[in-house]
Amino acid sequence: MKNTKLPFIFVFDIDNCIIGNIKWPINESIILDEINKLTKGKKKVDFTNYLKKGLLRPYFKKFIKFIKKNYDNTEIYVYTNSSNYWTNNGLVLNIEKALGHKFNKPYYSSEYSYQNMQKSLSNIYNNMLINLSKKYPLLANSEYSNYVFNNNLIFIDNLPYNVYDYPFKQLLCPSYDWSIPYNIQKKIINNYKINSKIFNNPIIIKKMNDLEIPYSNNSNVNKVAKLYHKYILLYQYNTFKNTKKDYYFKNLITIMKKYKIKNFNQNNIKKLNNLIN
């Protein structure tokens, strides 16, 4: 396949793969959506600073630069089992802003997976070809599209055997669990310029309680202070201590350079899995 223009395709899982534990931004987004419904607002969740603080996995940005430099015609996708709404209305857009890189569209979500939530590379690859064949006309030919799938595509995920149809295309990575608590109520009030009185609304109070989000209003000050401190002590100690040591993508770059990984056929992905895990 020399002297032909064909892509290298990198597909990344999101949660606990390229970012840590997304619990706090998800809860923030849920509360903000409820406030938008009540106030007819259009505020969009913004957690880019939280990503830059540590939620974005260390060295992932460096890895993106590495593959774009070392593999011709790099196409980069994300594939998560998050809902289509969350994937397209908060999750990926914030990652792109923090990363300084835009992923190929569409952003693949749970609708492309099987009912048991195992992922399907055949589903997303068939969809990719619709757009990529315009940029790479040779992909309209099954000989070339099969070659790219077998040799130029790799999927990185933290869950073992998370690809039902082509497990040999998966590079397994250890879970990245970074997460520290923050005051969601305070952030919503300050960052989105929301009147604090909204947190006296029974709908918001119920939602905050359902999600176990610390908050304070006219009748709930002391209880919240204790609960919030509990979160701080538990999360900051366990997660901050461990995730500072994450070098997965840095080590992956080193291995790919050392062993001169030129493509991602089954043997090379197996080799990478043995060397990095």
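Start by selecting strand β1, residues 8-12. Five of its five residues are buried (under 20% relative accessible area with a 1.4 Å probe, protein chains only; over 50% would be exposed, in between partly exposed), so β1 is largely enclosed by the rest of the structure. Helices (H or I, at least four residues) and strands (E, at least two) are DSSP runs, numbered from the N terminus. The model is predicted: local features need pLDDT of at least 70 and side-chain atom pairs count only at pLDDT 80 or more, while totals for chains, interfaces and linings use all residues. Residues are numbered from 1 along each chain as its sequence is written, and side-chain values use heavy atoms, leaving out hydrogens and water.

Show the side chains of β1 next. F8, F10 and F12 are buried on one side, and I9 and V11 are buried on the other, which leaves both faces of the strand covered. In a regular strand the side chains alternate between the two faces of the sheet.

Now add the strands beside β1. Strand β2 pairs with β1 in the parallel sense over five bridges; two strands count as paired if DSSP finds at least two bridges between them. Look for F10 opposite I76 in β2, and for F8 with its bridge partner T74. Strand β3 also runs parallel to β1, joined by four bridges. Here F12 stands opposite I156.

Widen the selection to the whole sheet. It is open and has four strands in the order β2-β1-β3-β4, with parallel pairing. β2 (74-78) and β4 (170-172) are the edge strands, each pairing on one side only. On average, neighbouring strands are turned by 25° against each other, direction ignored.

Select helix α5, residues 121-135. This helix lies across β1, β2 and β3 (153-157), and runs at about 135° to β1. Axes are lines fitted to C-alpha atoms, for helices over the stretch in contact (heavy atoms within 4.5 Å), and angles run from 0 to 180 degrees between N-to-C directions.

Finish with helices α10 (residues 248-258) and α11 (residues 266-276), whose axes come within 11 Å and cross at roughly 125°. That makes α10 oblique to α11, because angles under 35 degrees count as roughly parallel, over 145 as roughly antiparallel, 65 to 115 as roughly perpendicular and the rest as oblique. To see the contact, select Y248, N251, L252, I255 and M256 in α10, which meet L272, L275 and I276 in α11.
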